[in-house]
Amino acid sequence: MHFPTAGSPLFRHLRMWHAVSASLVVVAVVAFLVLLPSDGVPAVPNSPCRASGAAHDDAPATPDTDGDGFADLVYENADTENFDVVVVPGSEHGPDHARTTVLTRHDLGVPDRIQTSDDPWQPTVADLDEDGHADFVTGSAAGVLWGGPKGPQAGGPHGRVPLPGSGYHTAPVAGDFDGDGHTDLAVFRDRASNEDPELVVLKGPFKRSGAPARTVEIPSPVHDGATPDLVAGDANDDRATDLALYGSPWDPPLLFTGGARTAAGLSKDPERLPEGENVVFGDFDGDGRHDVAVGRSFVDSYDEVDTPHRRGQVRVRYGKEPGKWVTLEGGGFKEGFGTGLAAADFNGDGCDDLAVQLTKKKETGDARIEVLRGGSEHGLGSKPWRATKRSVPGDDGPIDGTLIAAHDWDGDGKAEMALLGGDRWWITDGTDRDEASFPVAPSKNQGS
């Protein structure tokens with residue numbers, strides 16, 4: 001499973017949303033925030049969902065860093081001088097906090113001169129050197145910690161992907177953008193040191209030094225001053241990864257299709273998607289083809305403008321009807337339905353469901369998550385069939401857990417979602433039951 005994001009409004013406000021202490025900025029990631037269908041899940045009787053199809057067979061690998069068959073939870077703890085990458089291994093009981101590994105700046109090979117900033121960093125998990133083991137790409141320095149049979153380890157070999165110029169704030173995202181079977185990386189460079197903003201694609205395979213086979217620079221498709229988020233998926237079922245850019249205050253989400261006859265493998269001109277603040281890919285109707293969902297909450301990114309008196313919405317384009325967008329409204333008026341999205345199969349029927357976050361104010365930490373069931377007659381159902389909310393006490397009132405990711409961390413064929421609030425993680429199936437719950441900061445006796 002692949003799911004990327006980079007500097008989205010959700011993450012830009014983690015400090016305010018979750019009231020993390022001033023010395024700790026927490027960024028949660030699990031390789032990518034696009035969540036594709038799980039492999040090997042049997043279809044349930046009378047369900048339109050298929051256990052095997054193009055969307056399932058072509059789904060990127062799950063973030064299983066140690067190769068034990070369970071997806072792992074990977075996130076960063078960072079302040080202005082230091083940062084650690086934390087790996088919580090998956091198990092038959094979900095993420096196993098007792099076996100947490102902490103990789104320090106030194107372990108990751110990130111130079112001391114590279115400092116964190118207000119923009120969060122997130123590691124990317126991908127097999128760059130094609131040795132069959134997951135590697136970590138960390139931070140705006142694009143440092144690479146190479147994996148092995150037990151995953152990326154402290155003291156293991158590391159390199160650095162050479163990014164042209166400067167002005168990077170997040171790790172690159174991974175995908176096979178030209179469809180040649182090699183993993184590529186894509187990253188956005190904003191205006192810094194008088195350099196022009198651009199989209200940079202680094203073609204695989206990668207050498208152990210971190211050097212790509214080729215680097216392609218594409219002029220920025222968004223307005224000057226925007227730093228869009230990147231998310232990868234397959235929107236047209238051609239087995240080449242497509243790349244969506246979203247989060248610009250002046251541009252709609254844009255979609256570059258992969259497999260094009262260009263130097264980068266991406267289409268020359270991007271498609272304009274419906275207005276919205278986030279994008280995910282999934283197979284919601286179970287026909288084996290990928291679908292695209294765009295969330296639009298109408299809540300201001302910085303809560304500086306009152307939310308209009310209307311419901312938020314998710315617009316969906318199904319692979320079987322590429323020219324048609326279906327609009328689903330949810331929640332109450334001004335409740336912010338659509339501030340966060342994650343696609344995954346929460347009931348194990350072979351179809352992706354869609355977890356949708358509702359947030360009235362993005363900087364106040366109020367949130368709940370509703371799940372729309374996939375596999376209905378037309379795809380996603382319009383009414384939630386699961387709803388959940390988690391809270392911890394805060395100085396100014398309860399701090400709600402926000403939707404960060406979704407994966408099948410316990411290997412039972414049904415995905416769970418990861419919620420982050422204050423200093424706590426919750427791993428839940430979308431009901432009141434927690435599969436796991438543990439603090440963000442690892443205990444002192446845990447480490448690399």
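## A facing pair in the last hairpin

Let's start with two aromatic residues: Trp425 stands opposite Phe438 in β30. The strands β29 and β30 pair in the antiparallel sense, with 5 bridges between them. They form a hairpin with 5 residues between the two strands. In the turn, Gly430 has a positive phi of about 95 degrees.

Please keep in mind throughout that this is a predicted model.

## The largest nonpolar core

Trp425 and Phe438 also belong to the largest nonpolar core, which has 16 residues. Both are among the residues with the most contacts inside this core, a group that also includes Leu73, Tyr75, Val88, Trp409 and Ile427. Two or more residues come from each of β2 (73–78), β3 (83–88), β27 (402–407), β28 (416–421), β29 (424–428) and β30 (434–439). As general background, nonpolar side chains in soluble globular proteins tend to be buried together.

Ile427 is a good residue to click on here. Leaving aside neighbours within four places in sequence, Ile427 is in contact with Pro95, Trp409, Glu416, Met417, Ala418, Asp434, Glu435, Ala436 and Phe438. Two of these partners, Trp409 and Phe438, appear with Ile427 in the list of residues with the most contacts inside the core.

## A strand covered on both faces

Next, have a look at β11 (residues 198–203). Since 6 of its 6 residues are buried, this strand is largely enclosed by the rest of the structure. In a regular strand the side chains alternate between the two faces of the sheet. For β11, one side carries Glu198, Val200 and Leu202, the other Leu199, Val201 and Lys203, and all of these are buried. The charged residues Glu198 and Lys203 are thus part of the picture too, one on each side.

β11 has antiparallel pairings with two strands. With β10 (residues 184–189) there are 5 bridges, and Arg189 stands opposite Glu198. With β12 (residues 214–219) there are 6 bridges, and the bridge partner of Leu202 is Thr215.

## An open sheet of four strands

Strands β5, β6, β7 and β8 form an open sheet in that order, with antiparallel pairing. β5 (124–126) and β8 (158–160) stand at the edges; each has a single partner strand, so one side of each is left without a neighbour in the sheet. From one strand to the next, the twist averages 25 degrees.

At the β5 edge, 3 bridges join β5 to β6 (residues 135–138) in an antiparallel arrangement. Val125 has Phe136 in β6 as its bridge partner.

## A buried histidine

His290 sits in the loop between β17 (278–282) and β18 (291–296). Its relative accessible area is 3%, under the 20% cut-off, so His290 counts as buried. A polar atom of the His290 side chain lies 2.9 Å from the backbone oxygen of Asp234.

## The chain as a whole, and where to be careful

The protein chain has 4 helices and 30 strands. Of its 448 residues, 60% count as buried. Among contacts between residues at least 6 apart in sequence, 53% join residues at least 24 apart.

The chain averages a pLDDT of 82, and 81% of the residues score at least 70. Two stretches call for a second look. Over residues 1–43 pLDDT stays under 50, and the model has 185 contacts beyond four places in sequence for them. Over residues 52–61 pLDDT also stays under 50, with 30 such contacts in the model.

How values were computed:
Residues are numbered from 1 along each chain as its sequence is written. This is a predicted model: local features need pLDDT of at least 70, side-chain atom pairs count only at pLDDT 80 or more; totals for chains, interfaces and linings use all residues. Side-chain values use heavy atoms; hydrogens and water are left out. A nonpolar core is a set of buried Ala, Val, Leu, Ile, Met, Phe, Trp, Tyr and Cys residues joined through side-chain atoms within 4.5 Å. Buried means under 20% relative accessible area, exposed over 50%, partly exposed in between (1.4 Å probe, protein chains only). Contact means heavy atoms within 4.5 Å. Two strands pair if DSSP finds at least two bridges between them. Axes are lines fitted to C-alpha atoms, for helices over the stretch in contact, and angles run from 0 to 180 degrees between N-to-C directions. A polar contact is a pair of N or O atoms within 3.5 Å; within protein, one must be able to donate a hydrogen and the other to accept it, and residues adjacent in sequence count only if both atoms are side-chain atoms. pLDDT is the predictor's confidence in each residue, from 0 to 100.
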